[in-house]
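Dear colleague,

Please find the structure below, handed over for your consideration. A description of what was found in it follows.

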Amino acid sequence: MPPTLDATFNVSSWRSNWFVSLAESVSEILRRIMRGHGAISFLPPLLTPAKDPPESSVSLMTRLGSIVYATFDIRTPFVRFLKHNPSVCHMKRYAIDKIYRERPAGVHPKEVYECAFDIVTSNSGDLMPEFELIATTWEVLCEFPTVLKKNTVIRLNHSNLVLAILNYGGLDQEKCEAIAAELFKTKHSELEARWDIEAKLRSYGVAENIVTSIINLISIEGTLREVSSQLEPLTSISGVFPALQQLETLINYCQTLEITVSLRFFFSCSKHKKL
C-alpha cells in the first residue's frame with residue numbers, strides 16, 4: 001500500500017473524543033427508551049447482495065464474483081429478514097448502527113449513524129403500533145429539549161393514500177405498487193425522487209398532464225386538514241376515506257396524551273438527516 005494512501009485513507013473517518021462521548025450518550029438514551037417499549041436490538045448484516053446497488057453505496061465484489069454493498073440504510077436488511085422469515089409476525093426491534101456512503105477513490109467511505117425502531121404485527125387494522133411509534137419518538141424528543149424547541153416536526157404517511165394518488169393516473173395495482181416501492185427508496189433529494197417517479201410514469205405510458213397531476217399530489221405536505229382538502233378529488237377512490245379517518249384517530253390519540261409536537265403529512269421520499 002502506498003504510504004500516502006495509508007496516511008490519508010482513514011483521516012476522514014476519525015472522530016474526536018467529544019463526538020464519541022456524545023454519540024455514546026445519545027445511543028444510551030435511545031436504547032433505554034426503546035427497551036422500555038419491549039424492543040430488542042436487531043442489527044442488520046454488514047453486506048447485502050444486489051444486482052443494482054443503490055447509487056453512492058459502497059459496493060464490493062465477493063471472491064465468487066457476486067456484487068454486495070455495505071449497509072446503505074437500516075430498513076432494507078430488516079425487510080429482507082422478514083421476507084425470508086414469514087413466520088415472524090410479532091416483533092419489536094431497534095437498531096443503532098452505521099450506514100455507509102461512497103466517497104472519491106482513495107478516501108474511506110462516509111460513516112453515518114442511523115437509528116430505527118420497528119414494530120411487526122399481523123393486525124393491520126389496529127392503530128396502536130403506529131401510535132406507539134409516535135409516542136416513542138415523542139419520548140426521545142423530550143430527552144433533548146433543545147431539539148424540541150427548534151420547530152421539530154414528525155412527518156407521517158399512509159400507504160393507502162400513496163396508492164390512491166398513483167391509481168388516479170389509471171395504473172393497475174401492480175404498477176402502482178412498483179412505483180410506490182420506487183418512491184420510498186432512499187434518495188439524495190426530493191428532486192432526484194421526483195425525476196425517478198416521472199420517468200417511471202412515462203415508461204408506463206401515462207399522459208403528460210396526468211404525470212404532472214400525480215407529481216403535484218405526491219408533493220403535498222401539511223396538516224391533516226390541509227392534506228384532506230387537497231385530496232378531495234380522490235375521496236371516491238377505495239381506501240382514501242378510511243385512511244384519512246385513521247390519521248385523524250392518530251391525532252386524537254396524540255392529543256389525549258398531550259403529545260404537542262407538530263404532526264405533518266407527506267407522500268414523497270425525503271432526505272433524512274442523521275447523526
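**Helix 6 and helix 11**

Helix 6 (residues 159–167) packs against helix 11 at an angle of about 150°, and the two axes are 9 Å apart. Because angles over 145 degrees count as roughly antiparallel, helix 6 is roughly antiparallel to helix 11. The crossing in which helix 6 passes helix 11 is left-handed. On the side of helix 6, the residues that meet helix 11 are Asn160, Leu161 and Ala164, and their counterparts in helix 11 are Val240, Ala243, Leu244 and Leu247. Sorted by class, this contact of helix 6 with helix 11 comprises six nonpolar residues, one polar residue and no charged residues. Please bear in mind throughout that the model is a predicted one.

**Helix 4 and helix 11**

Helix 11 (residues 240–256) also packs with helix 4 (residues 128–142): their axes come within 10 Å and cross at roughly 45°. Helix 4 is therefore oblique to helix 11. The crossing of these two helices, helix 4 and helix 11, is right-handed. Helix 4 contributes Met128, Glu130, Phe131 and Ile134, which meet Leu250, Tyr253 and Cys254 of helix 11. The residues of the contact between helix 4 and helix 11 divide into six nonpolar and one charged, with no polar residue.

**Helix 2 and helix 4**

A further helix pair is formed by helix 2 and helix 4, whose axes come within 10 Å and cross at roughly 145°. Helix 2 passes helix 4 in a right-handed crossing. Here Leu30, Ile33 and Met34 of helix 2 meet Thr136, Glu139 and Val140 of helix 4. By class, the contact of helix 2 with helix 4 holds four nonpolar residues, one polar residue and one charged residue.

Both helices of this pair also lie across strands. Helix 2 (residues 17–36) lies across strand 5 and strand 6, and runs at about 160° to strand 5. Helix 4 likewise lies across strand 5 and strand 6, running at about 140° to strand 6.

**The sheet of strands 1, 5 and 6**

Strand 5 and strand 6 belong to an open sheet of three strands, with the order 1-5-6 and mixed pairing. Its edges are strand 1 (40–41) and strand 6 (110–120), each of which pairs on one side only. Strand 1 and strand 5 (residues 91–101) run parallel and are joined by two bridges. Ser41 has Tyr94 in strand 5 as its bridge partner.

**The sheet of strands 7, 9 and 8**

Another open sheet of three strands follows the order 7-9-8, and its pairing is mixed. The edge positions are taken by strand 7 (153–156) and strand 8 (221–222), and each of these pairs on one side only. Which sense of pairing does each edge strand have with strand 9? Strand 7 runs parallel to strand 9, and four bridges join them. Strand 8, by contrast, pairs with strand 9 (residues 262–266) in the antiparallel sense, over two bridges. Two facing residue pairs can be located in this sheet. Arg155 stands opposite Arg264 in strand 9, and Glu221 has Phe266, also in strand 9, as its bridge partner.

**Domains**

The protein chain is divided into domain 1, which covers 16–122, and domain 2, which covers 154–263. How far apart do the C-alpha centres of domain 1 and domain 2 lie? The separation of these two centres is 26 Å.

**Points to view together**

When you open the model, helix 11 may be a convenient place to begin. Helix 6 packs with helix 11 at about 150°, whereas helix 4 crosses helix 11 at roughly 45°. The handedness may also be viewed in turn: helix 6 passes helix 11 in a left-handed crossing, while the crossing of helix 4 and helix 11 is right-handed.

With kind regards

Notes: Residues are numbered from 1 along each chain as its sequence is written. This is a predicted model: local features need pLDDT of at least 70, side-chain atom pairs count only at pLDDT 80 or more; totals for chains, interfaces and linings use all residues. Side-chain values use heavy atoms; hydrogens and water are left out. Axes are lines fitted to C-alpha atoms, for helices over the stretch in contact, and angles run from 0 to 180 degrees between N-to-C directions. Angles under 35 degrees count as roughly parallel, over 145 as roughly antiparallel, 65 to 115 as roughly perpendicular and the rest as oblique. A crossing is left-handed if the near helix is turned anticlockwise from the far one by less than a right angle, and right-handed if clockwise. Contact means heavy atoms within 4.5 Å. Ala, Val, Leu, Ile, Met, Phe, Trp, Tyr, Cys and Pro count as nonpolar, Asp, Glu, Lys and Arg as charged, and the others, Gly among them, as polar. Two strands pair if DSSP finds at least two bridges between them. Domain bounds come from an automatic or database domain assignment.
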